[in-house]
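The following report goes through one structure topic by topic, moving from helices to charged pairs and then to the surface. Please keep the sequence and the coordinates at hand while reading.

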Amino acid sequence: MPIIPVSKISGNARVFGKYLDQPALVEKLYNVMPSVLTGTAAGYGIYDTMHTPKEQRKKRAVKNISVLGFTVASALLATRGLKIKGKEIFEGIIELPESDKEGIAQILAKPLSSKARELVEKVNNDKVLKFKEVKTLMKEFKEKFKDEKLISKVIPDAESEAPFADLLKLSWLGLIPVLGGIAGGVVGDKLVKDDWKKQFPDKIKEGTYQYLNNIALCNVGAGLGALTMNAFNVKSKTARFVAMLTGVLGVGLVAGNAIANFIGKNYINPLFEKNKKNEHKTFKEMVKNLNSERHPEALDVSLHLDDVASVGFVSGLKWIGPVLPMLYSVSAYRAGIGYRNGHQSGQQQAKISNTH
């Protein structure tokens, strides 16, 4: 088996990175995402409904339509904003990267080969270059002009200029679908004539857990990683990505569950259950019983994929932006159905399963 040189792998990685940076490619993904998100939600709703006992399917179908409908609508509104009759009511949180028309003009003024000129003109007309075409351009810039980085004038670097502002935006982007999922859950309960007030506390507690543990606190960790890199004036994209991801793992994955449960048990529960005010009289008792409210499970860990995506987005992978609403929608759905996995008795657990 032939050994592929490291330099070739590194070179292809740089080409692939610039390929993904193309504003036209990000816009194409952005435009197709509503159909993908809606189709995925519909597919899961059908799957989940058909795996519910026959006598419960009608009720489950109504709840799924409501929760998933509100989740998808709120995620798309958060991402894309809202326009009515051409008038913008509010703008979306995710901003699309723009082409550098001035940079492209500078490149077109150079003595390019006919093939390279054709490719640059293609970008100028907002068309997506293939991987091989990006590689061809970069090769010419390197061999003819001794400067491979000229590609950044054709396909702009997408590195975030304000990582903290971007992380705040992503926190808002995660919150809106979670609130939408909760609203959809309440509407679904009302439509099937369930006692929505009785089930509302679980939705708030699960929503709080999902948002804090799987979204907001992870962004705090990423922010701390970026702050550390700024303090040491580290500019390397790879180093910054690793630092932010380390922050996500430290604050989000390790401490997030504890913090989310602490807030749930000591601040959210007392709002709905008066007898819970003095549930943990000592810090030791509180820590010992922390996970009795909501313990992490495999899906919760896998949900941190959206945190890796968030770090990638802030690090300059703007193509991830349009995909984030789909990742956040999982947390929103769980909030909408009021999912809880605390240590209830079998009877209580069965009651919750039948209700939701």
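In which helix does Ala243 lie? The answer is helix H10, and it serves as a starting point for reading this model, which is a predicted one.

## Positions brought together in space

Ala243, in helix H10, is buried, its relative accessible area being 16%. Ala226 stands 17 residues from Ala243 along the chain, and the C-alpha atoms of the two are separated by 6.8 Å.

A second pair spans a sequence separation of 149 residues, since Ser329 and Gly180 are that far apart in sequence while their C-alpha atoms are 9.5 Å apart in space. Ser329 belongs to helix H14 and, with a relative accessibility of 10%, counts as buried because the cut-off for that class is under 20%.

## The largest nonpolar core

The largest nonpolar core has 30 residues, and the members that touch the most other members are Leu170, Leu173 and Leu324. Two or more residues are given to this core by each of H8, H9, helix H10 (237–272), helix H13 (305–315) and helix H14 (324–336). Among the contributors, H9 provides the largest share, with 9 residues.

Helix H9 also holds a polar residue with no accessible surface to report: Gln210 is found in this helix and is buried, with a relative accessible area of 0%. The side chain of Gln210 makes a polar contact of 2.8 Å with the side chain of Glu206.

## Helix H8 and the loop that follows

How far apart are the end C-alpha atoms of H8, and does this agree or disagree with the span that its 29 residues should have? At 1.5 Å a residue the helix should span 42 Å, and the end C-alpha atoms are 42 Å apart, so the two values agree.

The loop between H8 and H9 contains Lys193, which has a positive phi of about 65° although it is not a glycine. Lys193 is exposed, with a relative accessible area of 74%. Asp194 is found in the loop between helix H8 (163–191) and helix H9 (196–231) as well, but Asp194 is buried, at a relative accessible area of 16%. The side chain of Asp194 is joined to that of Lys63 by a polar contact of 2.9 Å.

## Salt bridges

The structure holds 13 salt bridges. One of them joins the side chains of Lys203 and Asp189, with an N to O distance of 3.2 Å; because Lys203 lies in helix H9 and Asp189 in helix H8, the pair ties together parts that are 14 residues apart in sequence. Lys203 counts as buried at 1% relative accessibility, and Asp189 likewise counts as buried at 1%. Both residues take part in a network of salt bridges that links Lys59, Lys63, Asp189, Asp194 and Lys203.

Another salt bridge is formed by the side chains of Glu95 and Lys169, at 3.3 Å from N to O. Glu95 lies in the loop between E2 and helix H4 (101–108) and Lys169 in helix H8, so this pair ties together parts that are 74 residues apart in sequence. Glu95 counts as exposed at 53% relative accessibility, whereas Lys169 counts as partly exposed at 29%. Lys101 forms a salt bridge with Asp126, in which the closest N and O atoms are 3.7 Å apart. This pair links distant parts of the chain, with Lys101 in helix H4 and Asp126 in the loop between helix H5 (114–124) and helix H6 (131–144), 25 residues apart. Lys101 counts as partly exposed at 40% relative accessibility, and Asp126 counts as partly exposed at 47%.

## The strands and the surface

Which residues make the nonpolar surface patch of about 350 Å²? The patch is made by Leu77, Ile84, Ile89 and Phe90. Of these residues, Ile89 has its place in strand E2 and is partly exposed, with a relative accessible area of 47%.

Lys85 lies in the loop between strand E1 (81–84) and strand E2 (87–91). Lys85 has a positive phi of about 55° although it is not a glycine, and with a relative accessible area of 88% this residue is exposed, because that class begins over 50%.

Conventions
Residues numbered from 1 in each chain as written. Predicted model: local features only at pLDDT ≥ 70, side-chain atom pairs only at ≥ 80, totals over all residues. Heavy atoms only, no water. Helix = DSSP H or I, 4+ residues; strand = E, 2+ residues; numbered from the N terminus. Buried < 20%, exposed > 50% of the residue type's maximum accessible area, 1.4 Å probe, protein only. Polar contact = N/O pair within 3.5 Å; in protein donor to acceptor, adjacent residues only side chain to side chain. Expected span 1.5 Å × (residues − 1). Patch = residues over 30% accessible without salt bridge, like charges linked within 9 Å, V, L, I, M, F, W, Y side chains within 5 Å. Areas by Shrake-Rupley, 256 points an atom, 1.4 Å probe, with all protein chains shown as cover. Salt bridge = Lys/Arg side-chain N within 4 Å of Asp/Glu carboxyl O. Core = buried A, V, L, I, M, F, W, Y, C linked by side-chain atoms within 4.5 Å.
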